[in-house]
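Welcome to a guided tour, best taken with your viewer open. Make each selection as it comes up, look around, and then move on to the next stop.

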Amino acid sequence: MNTISYHYDPQKIKTGILHIGVGNFHRAHQQFYTNKLLEFEDQQQWGICGVCLLPSDEKIINDLKAQNLDYTLTVCGRNETNQVYKIGSLNELIWGIEDPEAVKEKIADSNVKIITLTITEGGYNLDKETGKFLLADKKIQEDLRNTENPSTVFGFIAEGLSRRKMRNNGGVTILSCDNLQHNGNTSKQAFTEFIQAWDKDLAEWVKNHVTFPNSMVDRITPSTTSEDITRLNSSSGIADLAPVYCEDFIQWVIEDDFIAGRPEWERVGVEFTDDVTAFENMKLSLLNASHTLLSYPSFLMGYRKVDQAMENQNLKKFVRDFMDIDITPFVPVPKNTNLEEYKKTLLERFSNQSVSDQVARLCFDGISKFPVYITPNLDKMIKADADLTRLAFLIAAYRHYLKYKKDDKGNSYEVSEPWLTPDDEQLILSVEPLDFLELSSFKSTGLRSSDKFVKLYARFADEIKNQGTSPVLQSILNKLP
Ligand code: NAD
């Protein structure tokens with residue numbers, strides 16, 4: 001296959017962005033845009049220094065370092081034609097576990113004008129009920145006691161900014177690229193609350209020297225398994241230890257609020273706007289919420305690939321009904337967006353066979369995803385006395401998935417939920433299905449006080465256990481006009 005390689009000279013690229021969380025999504029999205037931008041000679045100060053802070057990042061660090069930080073990205077078309085890109089915009093890479101000092105120094109570096117983040121929804125350490133920063137968290141308290149040796153992203157950024165302030169190295173923009181409601185405002189709140197507890201003078205400096213634009217990010221990027229590596233390399237003809245693959249759709253809408261300057265990403269298709277709310281709301285409510293809606297029911301029905309689940313006409317209709325009946329009435333449409341076309345494209349994207357995303361990836365960390373993708377609209381639906389059938393079924397399926405760890409076909413599986421609290425664990429184990437509605441994810445919604453919701457949910461929890469997921473879904477669809 002023909003690979004599109006970059007043409008700029010890597011020696012000429014300077015680091016202007018520090019990115020924390022060099023996962024698959026970052027390497028398919030921000031790096032993809034930036035790699036294109038670096039072709040412009042006047043933009044070559046915007047190379048990216050990647051930073052990873054977790055012990056589990058060791059493999060990706062070693063693999064990327066073994067190949068000069070270059071890697072291949074395979075963009076999988078909906079028409080089944082794939083295109084491989086060689087990406088060179090990752091200019092430096094630091095593993096905080098091995099060299100924490102280098103991370104702090106890089107954050108303080110005056111050439112770094114932007115700190116971008118993909119640290120997952122759960123990484124912001126927010127109370128799921130109140131949305132407040134969890135200052136009492138054990139690791140946060142350790143960082144506050146031992147400011148010289150932080151381990152969390154909050155401690156690293158506070159220490160780096162502290163040095164930046166001391167050296168008069170100027171302001172910096174913190175740009176969250178995670179799927180959160182108002183990801184800029186949310187990260188501002190999290191970092192500000194942490195820094196307030198760390199050093200009040202620094203918190204004052206941050207007020208005047210750090211901006212947190214909101215942004216909407218979009219590109220479906222599956223996890224890369226070892227089988228994927230073999231498959232991708234044999235197709236590209238390139239021996240890459242750390243290839244990434246993703247869909248052909250890409251979008252990034254950012255509020256233009258960069259205190260220390262920014263790359264001219266608009267040259268390569270990024271949209272800048274004054275207010276990202278409508279874009280973000282539409283994307284989280286339609287794409288991410290539909291992903292979650294599809295995830296647990298289809299996993300329990302035995303599907304492990306999203307495109308295969310979408311071939312099941314019942315699941316496809318379930319998702320489409322959710323978009324049309326449950327979400328559309330509550331989602332303001334951004335300017336110049338055709339909502340009908342957007343929804344149609346989403347179904348095509350989910351069905352993309354060359355991406356063949358993992359259902360397990362959609363199931364990962366539901367406890368952090370529900371408060372972002374599902375409960376804000378569910379709240380509105382309860383208040384509007386709307387039909388709650390599909391969401392009651394989803395939450396009953398989520399409980400079944402977490403509690404029984406066996407799908408309809410009798411296959412066992414591992415659950416991956418890094419942010420469950422001990423209370424959550426007890427609520428999942430309880431034999432009383434209604435206890436599950438007290439889970440930390442649902443606390444802010446007060447599901448138990450909606451009789452309509454409780455009735456539907458209790459019935460579905462029972463029916464899924466006794467009949468399996470598939471017949472219950474069928475019965476839901478039979479009742480629709
Ligand atoms: P990934 O598992 O490939 O990468 C996750 C990265 O986050 C890793 O580098 C890890 O070290 C880092 N991380 C996790 N928890 C952290 C913490 N507490 N502190 C610091 N770093 C932490 O996952 P991914 O596919 O790259 O997705 C990451 C995030 O990107 C998602 O959670 C989502 O918010 C956003 N996103 C992903 C997609 C997608 O399709 N994959 C699409 C849009 C947005």
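A salt bridge here is a side-chain nitrogen of Lys or Arg within 4 Å of a carboxyl oxygen of Asp or Glu. Keep that in mind, and remember that this is a predicted model.

**Stop 1: a salt bridge inside one helix**

Select R231 and D228. Their side chains meet in a salt bridge, with 3.0 Å from N to O. That distance is within 4 Å, so the pair qualifies. Both residues belong to helix α9, three residues apart, or about one turn of the helix. Is D228 buried or exposed? D228 is buried, at a relative accessible area of 6%. R231, at 37% relative accessibility, is partly exposed.

**Stop 2: the two faces of α9**

Now select the whole of α9, residues 226–236, and colour D228, I229, L232, N233 and S236, which are buried. Why do they end up on the same side of α9? They cover an arc of only 125° around the axis, and that places them on one side of the helix. Next, colour E227, T230 and S234: these exposed residues sit on the face turned away from the buried side.

What do the buried residues of α9 pack against? Show the strands β1 (3–4), β4 (71–76), β5 (82–87) and β11 (244–247), and you have the partners. Before leaving, click on G237, which follows α9 and has a positive phi, near 75°.

**Stop 3: two annotated domains**

Select residues 16–266. An unreviewed UniProt entry annotates this span as "domain: Mannitol dehydrogenase N-terminal". The span is 35% helix and 21% strand, and its end C-alpha atoms lie 17 Å apart.

Then select residues 275–455, listed by UniProt (unreviewed entry) as "domain: Mannitol dehydrogenase C-terminal". Here the chain is 60% helix and 0% strand, and the end C-alpha atoms are 39 Å apart.

**Stop 4: a residue in a loop**

Zoom in on T152, in the loop between α5 (138–145) and α6 (153–166). T152 has a relative accessible area of 10%, so this loop residue counts as buried. Which residues does T152 touch, not counting those up to four places away in sequence? Select L53, K139, I140 and D143 to see them.

**Stop 5: more salt bridges**

The count for the structure comes to 34 salt bridges. Try K343 and D324, whose closest N and O atoms are 2.8 Å apart. This pair links distant parts of the chain: K343 is in helix α13 (residues 339–350) and D324 is in helix α12 (residues 313–327), 19 residues apart. K343 counts as buried, at 3% relative accessibility, while D324 is partly exposed at 30%.

Another one to select is R459 with E463, where the closest N and O atoms are 3.3 Å apart. Both lie in helix α18 (residues 451–467), four residues apart, about one turn of the helix. R459 is partly exposed, with a relative accessible area of 35%, and E463 is buried, at 17%.

For a group view, select E101, K104, E105, E159, R163 and R167, which salt bridges link into a network.

**Stop 6: aromatic rings**

The structure holds 24 aromatic pairs. Start with F258 and F272: the ring centres are 6.2 Å apart and the planes are at 75°, so the pair is edge-to-face. F258 lies in the loop between β12 (251–255) and β13 (271–273), and F272 lies in strand β13, so the pair ties together parts 14 residues apart in sequence. F258 counts as buried, at 11% relative accessibility.

Now move to F318 and F393, with ring centres 5.5 Å apart and planes at 85°, so this pair is edge-to-face too. F318 is in helix α12 and F393 in helix α16 (residues 389–404), so the parts tied together are 75 residues apart in sequence. F318 is buried, with a relative accessible area of 1%, and F393 is buried at 0%.

For a cluster linked by ring pairs, select Y296, F299, F370, Y398, Y401, Y413, F436 and F442.

**Last stop: arginines over rings**

Go back to F272 and add R262, which lies over the face of that ring, 3.6 Å from its centre. Finish with R219, which lies over the face of F32 at 4.6 Å from the ring centre.

Terms used
Residues numbered from 1 in each chain as written. Predicted model: local features only at pLDDT ≥ 70, side-chain atom pairs only at ≥ 80, totals over all residues. Heavy atoms only, no water. Helix = DSSP H or I, 4+ residues; strand = E, 2+ residues; numbered from the N terminus. Buried < 20%, exposed > 50% of the residue type's maximum accessible area, 1.4 Å probe, protein only. Contact = heavy atoms within 4.5 Å. Arc of directions from axis to C-beta. UniProt positions renumbered as here; feature names shortened; annotations may be inferred. Phe/Tyr/Trp six-rings, centres within 6.5 Å; stacked < 30°, edge-to-face > 60°. Lys NZ or Arg CZ within 6 Å of the ring centre and 35° of its normal.
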